[in-house]
Amino acid sequence: MINGKRLLALCTSRIYDPQIHGFIKNLNETLKKENCTLLVFTINSDIYWDESLRPAETFIYDLMPYDDLDCVMIMDEKIKSHTISSDIIRRSKENNVPVVIIDGKYEGTTCINFDYAQGFEAMVRHIIEDHHAKDPHMMAGLPHNYFSDQRIEIFKKVLAENNIPFDDSRISYGDFWADPTIEATLKLLMRDHIPDAVICANDIMALNVSDVLKSAGYSIPKDVIVSGFDGFDEIFFSTPKISSVSCDTIHLSEAAAEAVKKIINGEPVSDEYIVPYLMPNESCGCPDKTWHDQTILSRFNDSFYRHQDDVRILYNISSSMETSLTIWDMAASIHNHKTKNIINVVDWNIFNTETNYFITPRTGKMNLHILNDADFAEEHRFTREPLPRKLFNDKTVNDKESVFSGNFRDRMIELLDTGFPLIFIALDYINKPMGFTCFFFKDYMITNYSKAASITTAINMGIGGFVNMQYQRYLLNKMDVMYTHDPLTGLYNRIGFNVMFDKALNENKGKPATVIMSDLDGLKYINDNFGHAEGDRAIAEVASALVEACPDYALSARFGGDEIFSVIIGDCDSAAIIKKIDDILVEFNKNADLPYEVMTSSGAFNTVLDDSFNIIDAIKVADKEMYQVKDAKRAYRMHLH
């Protein structure tokens, strides 16, 4: 509960499906009268009971704010993963949050289910007892799947009661999906004779069985009766229309809402089973009937044409995001009239350019920060601001992975008052989670729900592409540094210096220039007595002293050995710079406690940049002066001895 509002989480998939969309709308409208807000955590596909899969988009269920929740609802049959549902139930119990399972059965939860067995039995009896099919065949779902096996047993039972012999040849497996069903139906057509009815375990398989049979020249239902199960909208646009059993989620939403109301009011609640109703239609020989009171064809057409418009716009958004040079510009690129009513939150670790987020194993929790708020972006669309600068630059660590945490919590709480569900979808790229998108639609238009998946995909590609481009630029810069810089001192090498100096010469002709040459004293002595590693260390210290003594804009280089130099464009006091080099090394020797002293001899040459200027000649002059200093030091030491 937050600010007196009860928070209810709904875990589901494919909110663009008309049945799930209708479920959400009906559930929210019922429960908001009880001062509740619905938070929808959804993935864009279901998992088909393949428990070896854990797609990155399921990370959204890990971000549920269990501390704030009053109840969790799980549409088990829509997610289709016992592993994920069980994990959500475990987390809920750890936080004392009651759970309602919709279309599933788990111990310690309240379950709202269709009586699928009774509904499927009604369809099998209708085909065999009302239409007198004598040689029926069943297109089952996945082998060893609970729902598929249950429907096979019902099929066997009705056959036995009607004295129709059964063997395994009466069963094919379409895996609840199109391609396996097409393959299974083609194999069925290769038999000596085909059945007079194909009873399918769901509508998708029925539609595909019907298409294959028609393509082979068979008439439905004259030659073969076909039936489905589920009551999907698509069955009313096939020819013939498919007979099915309606598992209308509106009935589930009503029962789920009643269960939640009892739970939040502390009343006892029990499991409930809802019987689906038979929808006979043309494919079994019954009269043509459309069971919906809405013009679903116009809705499909509207969705299709909107989709065509959206594809190009979302592609442009992704491209703009990927090619942005800064995080700010990338975030601003998200804003568009197609991306209203969204907030994007990401793990700020993705923007660490020194590692590739998508190939580096993740350790620890995400550091979730808000990236973009469509409402703020709309208010500042002319200046292209995704967020207030202070909020965008907030680096406070968010160590709690939740959609109601960090620097976006207050904004999420504000959205609880819209009266509409908040919809959360994970952001992921190459199957690695990186945050989430919150959709705060202010209506129930199914076209908005439908585009949520494509918008999320576009933002996924945009952020992922941006991160990869940033990493590539980092690597290219590293390669450039390796190619143009001396690895020991970090100064320019000959190649790097020539490139930078040629550019500086073209831009600064007529200006004074100073070349300062510095050479390590006693390098051979250090190498012979203390090793070449110490000699390299001494060279690096001289280079560091030179860089520190010269202005920031000086071009400093090492062409090899222990001779290093700087070119300073503009007026400068070369004597003061040389003295500073010496002073820096005196201070270093005082604190380093080395068995030798790091000292250098330096020389300078002052000139003016013009077309006759030659850097090699200038270095030679400075080098000559440097050796005069070195000779003077040597003579002085010999005099002392």
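Strands here are DSSP runs of at least two E residues, numbered from the N terminus. By that count, S13 is found in strand 1, which covers residues 6-13. The structure is a predicted model, so everything below is read from computed coordinates.

S13 makes a handy starting point. With a relative accessible area of 1%, S13 falls under the 20% cut-off, and therefore counts as buried. Leaving aside neighbours within four places in sequence, S13 is in contact with I20, T42, I43, S45, D46, K78 and I79. K78 turns up again in a polar pairing: a polar atom of the S13 side chain lies 2.8 Å from the backbone oxygen of K78.

Further along the chain comes strand 8 (residues 197-200), with partners in strand 6 and strand 9. Strand 6 (residues 136-140) runs parallel to strand 8, and 4 bridges join the two. Within this pairing, H137 has V198 of strand 8 as its bridge partner. Strand 9 (residues 225-227) also runs parallel to strand 8, this time through 3 bridges, and here I199 is partnered by S227 in strand 9. To get from strand 8 to strand 9, the chain passes through helix 7 (residues 203-215), making a right-handed β-α-β crossover.

What about the side chains of strand 8? In a regular strand, side chains alternate between the two faces of the sheet. Strand 8 shows A197 and I199 pointing one way, with V198 and C200 pointing the other way. All of these residues are buried, whichever way they point.

Later still, an open sheet of 4 strands appears, in the order 18-19-17-20 and with antiparallel pairing. Strand 18 (555-560) and strand 20 (600-608) sit at the edges with a single partner strand each, so one side of each has no neighbour in the sheet. On average, and ignoring direction, neighbouring strands of this sheet are turned by 20° against each other.

Inside the sheet, strand 17 (residues 512-520) and strand 19 (residues 563-569) run antiparallel and are joined by 7 bridges. As part of that pairing, S518 stands opposite I564 of strand 19. The sheet also has a helix packed on it: helix 15 (residues 494-507) touches strand 18 and strand 19. The direction of helix 15 makes about 145° with that of strand 18.

Technical notes: Residues numbered from 1 in each chain as written. Predicted model: local features only at pLDDT ≥ 70, side-chain atom pairs only at ≥ 80, totals over all residues. Heavy atoms only, no water. Pairing = 2+ DSSP bridges. Axes fitted to C-alpha atoms, helices over the stretch in contact; angles between N-to-C directions. Contact = heavy atoms within 4.5 Å. Buried < 20%, exposed > 50% of the residue type's maximum accessible area, 1.4 Å probe, protein only. Right-handed = clockwise from strand over helix to strand, strands pointing away. Polar contact = N/O pair within 3.5 Å; in protein donor to acceptor, adjacent residues only side chain to side chain.
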